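Good morning, and thank you for coming. I would like to take you through a structure that may be new to many of you, beginning with one residue and then turning to the interior.

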Amino acid sequence: MSMQLPEGYRPRDGDILVTREGLVFYAFGYEHPPMRAFAFLKYVPSELAKGLDVDFLSTRWKFQGKILLRPRELFSPGNWRKVLDFLKSKAPEYVFSCPFLGKEMIAIPFPSLEHVFIPSEALKELKKLRPLDRLQRRALELVELLSSTSSVPEELFGLHGSLAMNMHAPWSDVDLVVYGSREFRAVEAAVRELAGEGVLELLSDDPIEARRGMKGVFKGTKFTYTAVRKLDEIRTSYGERAYVPLGQVELTCRVVGDDEAMFRPAIYRISGCRPVGRWPGGLPEPGQVERVVANIGLYRNVARAGEEIHVRGALERVLELASGRESYQVVVGSGMPGEGIWPLKPNHKA
C-alpha cells in the first residue's frame with residue numbers, strides 16, 4: 001500500500017523516498033516528471049543487496065525491521081550502470097527513459113512510495129519527540145545555536161540523513177538542511193564566526209571541503225549542513241528545457257554568479273571561458289558557455305563570484321522549448337570519469 005503524500009507534493013533535492021520494497025532513495029534536484037521523483041539509490045535492504053554487484057560499507061542500519069546496506073560509492077559511473085541494471089531486474093518501473101535528457105534515469109513513481117521524509121517535517125517531528133537521546137539533543141541544540149547566531153528562523157532548517165529516519169547510531173553525524181540561498185549564506189557566515197570563537201570546529205583536512213566549509217564538529221559530534229531551494233526559488237519545471245550532450249571539454253573560467261552554487265545541482269554563472277588543451281572540433285566556442293552545473297554534491301559551494309575555476313565535464317546545449325532560445329553549460333557529474341571543479345589560485349595561468 002502506498003502512502004498518502006502531502007497535497008500538491010513537489011519533490012525537492014534530498015527528500016528521502018522509501019519504496020514498498022524497502023529501497024531508500026534520495027530525490028535529486030528540482031525538475032521531476034509528473035507523479036515521479038528523479039532520485040539516486042542510498043540504502044538497500046540486506047535481502048536484496050546480493051542482487052547488486054557493488055561494494056557496500058561495513059556499517060549496517062536498521063529501519064522498520066529491515067537491515068539496510070549502503071553502497072560505498074554512490075555516484076561513480078560504474079555503480080550508476082549497475083544500479084540501473086539492478087532496478088531493471090527488481091523494479092523496472094523505477095527506470096525512466098527521459099526524452100528531455102535523452103537517457104535512462106531513476107525516477108520513482110509516487111504510488112510506489114511507502115514513506116517520504118521531508119527535512120523540514122523531520123525536524124518538526126524531532127522537536128515533539130520525548131525522550132531524546134544524546135544525538136537528538138545535540139541536533140536540536142545545534143539548530144538553536146545556528147538559528148540564533150544567523151537570525152535565520154528555525155522553521156527554515158531541516159533534518160536529514162539517518163537521524164531523520166530515526167535509524168541513527170550514537171556515532172552518527174547530524175545532517176542539517178537550510179532552506180534558501182540567502183539563508184544558507186547567513187548560516188555559512190554564522191558557522192565561520194562560531195568556528196573563529198571556538199564554539200565549533202570546521203573540518204579542513206580536504207582542500208575542497210575546507211573551501212566549502214559545510215562540515216564540522218560540535219561538542220564532539222560531526223555535522224554537515226546543506227542548502228535546499230525554497231519553493232519560490234524553483235525557477236524551472238520538468239519539460240521546459242531539453243538537454244543535448246555535445247562532448248567532453250576542459251576549460252577555465254571566471255565565476256560571475258554564485259547565488260545558486262550551494263544547491264544541488266550547483267549552478268555557477270561564468271564568463272571568460274578558455275580551453276585547457278585542445279578544444280574539440282565542431283563544438284561551440286568556449287566563450288559561449290554560460291554556466292557550470294555540478295550534479296555531484298562535493299562540488300557545490302566550492303567557488304565564489306570573482307574566482308577562477310578549472311572545470312572538466314560534459315558540454316550541453318540547453319534548449320528552452322517555449323522560446324527556442326539556446327544556451328550552453330558544462331555539466332560536472334554527467335557519468336564520465338575524471339570530471340570536477342577546481343578553484344584556481346589568483347596567480348594561476350591556464
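In what follows, contact means that heavy atoms lie within 4.5 Å. Please also keep in mind that this is a predicted model.

Let me begin with R81, a residue of helix α2. Which residues does R81 touch, if we leave aside those up to four places away in sequence? They are K88 and E104. As for exposure, buried means under 20% relative accessible area and exposed means over 50%, with partly exposed in between. R81 has a relative accessibility of 40%, and therefore counts as partly exposed. One distance may help you to place this residue: the C-alpha atom of R81 is 12 Å from that of K103, and the two residues are 22 apart along the chain.

I now turn to the interior. How many cavities of 30 Å³ or more does a search of the whole structure find? The search finds 1. The volume of the largest cavity is about 80 Å³.

Which residues line the largest cavity? The lining consists of F40, L41, V54, P71, E73, L74, N79, W80, V83 and I106. By character, 8 of the lining residues are nonpolar, 1 is polar and 1 is charged.

Two elements deserve mention here. Strand β3, spanning 36-45, and helix α2, spanning 77-90, each contribute at least two residues to this lining. The largest share, 3 residues, is supplied by α2. That returns us to our starting point, since R81 also lies in helix α2.

Technical notes
Residues numbered from 1 in each chain as written. Predicted model: local features only at pLDDT ≥ 70, side-chain atom pairs only at ≥ 80, totals over all residues. Heavy atoms only, no water. 1 Å grid on protein atoms, 1.4 Å probe; cavity = no way out; pocket = protein on both sides within 12 Å on 5 of 7 lines; lining within 4 Å. Points joined across faces, edges and corners; volume = space filled by probe spheres on them. Helix = DSSP H or I, 4+ residues; strand = E, 2+ residues; numbered from the N terminus. Nonpolar A, V, L, I, M, F, W, Y, C, P; charged D, E, K, R; others polar. Buried < 20%, exposed > 50% of the residue type's maximum accessible area, 1.4 Å probe, protein only.
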